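User: Hi! I am new to protein structures and would like to learn how to read one. Could you walk me through some features?

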Amino acid sequence: MRRLLWLALLIACVVVPLGAYVRLSDAGLGCPDWPGCYGKLSPAHARDVIVDVHAADPHGPVSLAKAWKEMSHRYLASALGLVIVGIAWLAWRQRTQRLLAGVLLAAVIFQGLLGMWTVTLLLKPAIVSLHLIGGVAIVALIAALLARASLAPLPAPQPVRGLAWALVAAVAVQVLLGGWVTSNYAAPACQGFPQCNGAWWPEGMDFTAALHVTRALGEGPDGTPLGWGALVAIHWLHRAGALLLSMLLIALVWHTRGVPAWRASRRWLVSLWALQVGLGVANVVFALPLPLAVAHNAGAMLLAAGVLSVAVRARAPLASAVGRRLYLFGQQGGVR
């Protein structure tokens, strides 16, 4: 099963950034139906229709290039789904990691539905944001399965385990907030760093409109276009989430500072966190160039995978083989 997990991780690490590229390059409706493209297997088969639609609206969401971007993402996502079905089947047959494999299978099925709704519901921000976190969650679950199968448990008392899972929750919320920023086109709403538009608390932020999730793209609770205050609030919340996540990571690093078994995990988590923060700041400073925006999505994926992999390995000290040996050694008088 380990080979299938590595294959799934490789495909998933391409699918998620590719999905971000499709969305950020405005190709999300390159094929406005699902699962095919204008009812055809590929844009090549639907070429005549796509050319006609593009000719009628040259600046619209449909073109051959955009259609191929969208369908390439769907083809790879379908391949990933098939590999994950194989992983779940093997986990059930081999009676190993059944819970994580079952959650992974459920996640990829739901992710397929979100992919369909993303297109058929015309890129509603709530669906787009959930689709992003679904992709990130799939990568994280695959990485967690590999970590459980390949790496030793990390000795962790309850406070450390609690911090690890709190960090998982914080990353999940932060990815969701990041998806909310991009799907609402709120990235340019906060200029400058670390302050937002020259203030720690920008004036006029509208959190009511910012967090109204049952609306169409770009519309507030009353159906009118989102105001600037709502866009600033959306971006500000994403920055606040990053601060909370950073504080939890610092706390986890502090509480494990004297445990040699955590050394490699601490370094990985801090490196991934620093990379993601750097990409976020660079996106603000350089006005969201497409390569940096896609890299920021990929960074979120890697950070989520790292955090969940650590959390599933964090066990009570006596739950690990090393912990049991030390305990028995002490009971036999080896430790005075």
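Analyst: Happy to! Let's begin with a patch on the surface: Leu41, Trp68 and Tyr75 form a nonpolar one, and together they have about 330 Å² of accessible area. Keep in mind that this is a predicted model.

User: Where is Tyr75 found, and is Tyr75 buried, exposed or partly exposed?

Analyst: Tyr75 is found in helix H3, which covers residues 64-94. To judge exposure, we look at relative accessible area: under 20% is buried, over 50% is exposed, and partly exposed lies in between. Tyr75 has 36%, so the residue counts as partly exposed.

User: What is a salt bridge, and how many does the count give here?

Analyst: A salt bridge pairs a side-chain nitrogen of Lys or Arg with a carboxyl oxygen of Asp or Glu, within 4 Å. By this rule the count comes to one salt bridge. Arg74 forms a salt bridge with Glu70, and their closest N and O atoms are 3.0 Å apart. Arg74 and Glu70 are four residues apart in helix H3, so about one helical turn separates them. Arg74 is buried, and Glu70 is buried too.

User: Which residues does the "transmembrane region" annotation cover?

Analyst: That annotation comes from an unreviewed UniProt entry, and the residues covered are 75-92, 99-123, 129-151, 163-181, 236-256, 268-288 and 294-316. We can then look at the model over such a stretch. Residues 99-123 are 88% helix and 0% strand, with end C-alpha atoms 32 Å apart. Residues 163-181 are 100% helix and 0% strand, and there the end C-alpha atoms lie 26 Å apart.

User: How is the chain divided into domains?

Analyst: Domain 1 covers 1-123 and domain 2 covers 154-335. Two values help us picture how they sit. Their centres, taken over C-alpha atoms, are separated by 25 Å. As for contacts, 11 residues of domain 1 touch nine residues of domain 2, where contact means heavy atoms within 4.5 Å.

User: What should I look for in the backbone itself?

Analyst: One thing to check is the omega angle of a peptide bond. The bond from Trp34 to Pro35 is cis, with omega near 5°. Pro35 is found in the loop between helix H1 (2-24) and helix H2 (47-56). From Phe193 to Pro194 the peptide bond is also cis, with omega near 10°. Pro194 is found in the loop between helix H6 (158-183) and helix H7 (207-210).

User: Which residue in the loop between H3 and helix H4 (98-120) could I look at next?

Analyst: Try Arg95, which lies in that loop. Another backbone angle is phi, and Arg95 has a positive phi of about 55° although it is not a glycine. With a relative accessible area of 68%, Arg95 is exposed. Leu288 also has a positive phi, about 60°, and is not a glycine. Leu288 is found in the loop between H9 and helix H10 (290-313). Its relative accessibility of 38% makes Leu288 partly exposed.

User: How far apart are Arg267 and Leu29 in sequence and in space?

Analyst: It helps to keep those two kinds of distance separate. Arg267 and Leu29 are 238 residues apart in sequence, and 40 Å apart in space from C-alpha to C-alpha. You can find Arg267 in helix H9, residues 263-285. Arg267 has a relative accessible area of 58%, so the residue is exposed.

Terms used
Residues numbered from 1 in each chain as written. Predicted model: local features only at pLDDT ≥ 70, side-chain atom pairs only at ≥ 80, totals over all residues. Heavy atoms only, no water. UniProt positions renumbered as here; feature names shortened; annotations may be inferred. Helix = DSSP H or I, 4+ residues; strand = E, 2+ residues; numbered from the N terminus. Patch = residues over 30% accessible without salt bridge, like charges linked within 9 Å, V, L, I, M, F, W, Y side chains within 5 Å. Areas by Shrake-Rupley, 256 points an atom, 1.4 Å probe, with all protein chains shown as cover. Buried < 20%, exposed > 50% of the residue type's maximum accessible area, 1.4 Å probe, protein only. Domains from an automatic or database assignment.
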